[in-house]
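Reader: I'm new to reading protein models. Could you take me through this one, a bit at a time?

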Amino acid sequence: MGRSLQSFTGYVRPFSIIGSRQASGCPFSKRQRSQIAPTAALTDEVFSNAKPYSEVPGPKPIPLLGNTWRMVPVIGQFDISEFAKVTQQFLDKYGRIVRLGGLIGRPDLLFVYDADEIERMYRREGPTPFRPAMPCLVKYKSEVRKDFFGDLPGVVGVHGEQWRTFRSKVQRPILQPQTVKKYVAPIEMVTEDFIRYMENARDEIGDLPKDFDNDIHKWSLECIGRVALDVRLGCLSNDLTNNSEPQRIIDAAKFALRNVAVLELKAPYWRYIPTPLWTKYVNNMNFFVELCTRYINEALERLKTKKVTSENDLSLLERVLKSEGDPKIATIMALDLILVGIDTISMAVCSILYQAATRVKQQEKMAEEIRKVLPDPSKPLTYADLDKLHYTKAFVREVFRMYSTVIGNGRTLQEDDVICGYHIPKGVQVVFPTIVTGNMEQFVSNPKEFKPERWLEGNGRLHSFASLPYGFGARICLGRRFADLEIQVLLAKLLRRYRLEYHHDPLEYAVTFMYAPDGPLRLRMIER
């Protein structure tokens, strides 16, 4: 879930040596010519031959304001909602490595547009890699609510031994395939309720409401609530009010994630004084803590009277409660899953459904595959059924490649490194802009072409580190199996019975916290 699209095909161009600076001199531009093997140690000779950090190209900071002014409304050059565009402009103007320094209150950002370098860095990292944190969440967990989070504050916005210790307590049940298989039926039930909700929400010509993206958030929350809290939250009720608990959870999750960029890329006055935005952020997070605590305590009471003969009788939440004996571990796990899961999965689904509705040929191929796997639409889904949906999964991968919901991953360097021929000091935050690298000619054949088949065929370029929607290595997204399950179940159930169409102005993509279609998602839903 994780970490994470203006129509990208409109402005992403295949990378070309011609027309871009070559000062970077990246030694890893061709895999077979890499000068440093992915797992090799860096030698003194490599460092001595590297160019100094000061020579890394990028926007030049000005006195006092640094580069922060570029993100300020009216006078600034960069609109946060178009940051995917900005990352492409960096590549076009400066080359395959770009330094954005002079950011008030935070380390430099180093953008790396080379999949071979990205692979090398991922493969060399140790057991506790540092992902660039959300300082606002770090401050909340480590200072504002240290009374609650203590020494095991979860996996989101946490690093080092604290992160590894907490993850070791929850990753086994979350990542085990047999755990995920138990949730096919519950997620299918939620999805069937959602499709009925969609049927009733259509107008006389079959168009879904203009705020359909909020309905997708309701489905996503209902799924996550079923997994993380062991309850149906009632998100798909037709009479939800704006002040209902499910809608408040959705609004709080959107606010918490979508204001991260505002809090972190603009002047961080909230670190020193309680600004209105920071105060609202804290109140939203307190709401999450109270909510998760209440539901986890209820689950603990149910578990006390539940007859258990084997581990297979336990849900994910119950397994964590039983193995750890500390309800706070389960509460923090649920909070992290809800916090990063709702908006991430929802925006990914908005993008997938929009692309399906506007790509008729590919949608019909998915529908045909689903019909073959599910000849009887009333038959319950199984995990084996989902396993056979190869083209449908490839379609999702291709959407993630061209319109990456998460615009980038990254790492905070824990030691000096040599990247693209430059000596990069410890502490710099390295950004891997998936939104760009997944659309570069060096790493993907014909990247402008939307071609799900590329994930099923062995021919053509498709660098495995150019598009990593869930990250890689020790810090790969903890909830990725559940995210995949929810998306696959929705597509299987929806496209088996309905055709999606779109008859309005094309939607551009923009960044909130995720990269997704910007505007009313007025899909038309027609019975097949």
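Reader: Okay, let's start with a helix. Which residues of α7 are buried?

Author: Keep in mind that this is a predicted model. Helix α7 covers residues 160–175. To count as buried, a residue needs a relative accessible area under 20%. In α7, the buried ones are G160, W163, F166, R167, V170, P173, I174 and L175.

Reader: And what do those buried residues of α7 pack against?

Author: Their partners are helices, and contact here takes heavy atoms within 4.5 Å. The buried residues of α7 pack against α8 (177–181), α14 (316–324), α15 and α20 (480–497).

Reader: Where does α7 bend?

Author: Run along the helix from residue 160 to 175 and look for the change in direction. The bend is about 40°, and it comes at S168.

Reader: Now some rings. What kind of pair do F90 and F111 make?

Author: The structure holds 20 aromatic pairs, so there's plenty to look at. For F90 and F111, the ring centres are 5.2 Å apart and the planes sit at 70°. Planes over 60 degrees apart count as edge-to-face, so F90 and F111 are edge-to-face.

Reader: How many residues apart in sequence are the parts that F90 and F111 tie together?

Author: F90 belongs to helix α3 (residues 83–94), while F111 belongs to strand β2 (residues 109–112). The pair therefore ties together parts whose separation in sequence is 21 residues.

Reader: What about Y354 and Y502: how many residues apart in sequence are the parts they link?

Author: Their rings are edge-to-face too, because the planes are at 85°, with centres 5.2 Å apart. Y354 is in helix α15 (residues 327–358) and Y502 is in strand β7 (residues 498–502). That means the pair ties together parts at a sequence separation of 148 residues.

Reader: Which residues form the cluster with Y354 and Y502?

Author: Both Y354 and Y502 are buried. Ring pairs join them into a cluster with Y403, Y509 and Y515.

Reader: Which charged residue sits over the ring of F450?

Author: There are charged ends over rings here, including K328 over F148, 4.8 Å from the ring centre. Over F450, the charged end lies 4.1 Å from the ring centre, and it belongs to R359.

Reader: Last one: is T437 buried or exposed?

Author: You'll find T437 in helix α19 (residues 434–437). A polar atom of its side chain lies 2.7 Å from the backbone oxygen of A466. The relative accessibility of T437 is 1%, and the cut-off is under 20%, so T437 counts as buried.

Key
Residues are numbered from 1 along each chain as its sequence is written. This is a predicted model: local features need pLDDT of at least 70, side-chain atom pairs count only at pLDDT 80 or more; totals for chains, interfaces and linings use all residues. Side-chain values use heavy atoms; hydrogens and water are left out. Helices (H or I, at least four residues) and strands (E, at least two) are DSSP runs, numbered from the N terminus. Buried means under 20% relative accessible area, exposed over 50%, partly exposed in between (1.4 Å probe, protein chains only). A polar contact is a pair of N or O atoms within 3.5 Å; within protein, one must be able to donate a hydrogen and the other to accept it, and residues adjacent in sequence count only if both atoms are side-chain atoms. Rings of Phe, Tyr and Trp (its six-membered ring) pair if their centres lie within 6.5 Å; planes under 30 degrees apart count as stacked, over 60 as edge-to-face and the rest as tilted. A charge sits over a ring if NZ of Lys or CZ of Arg is within 6 Å of the ring centre and within 35 degrees of the ring normal. The bend at a residue is the angle between axes fitted to the seven residues ending there and the seven starting there.
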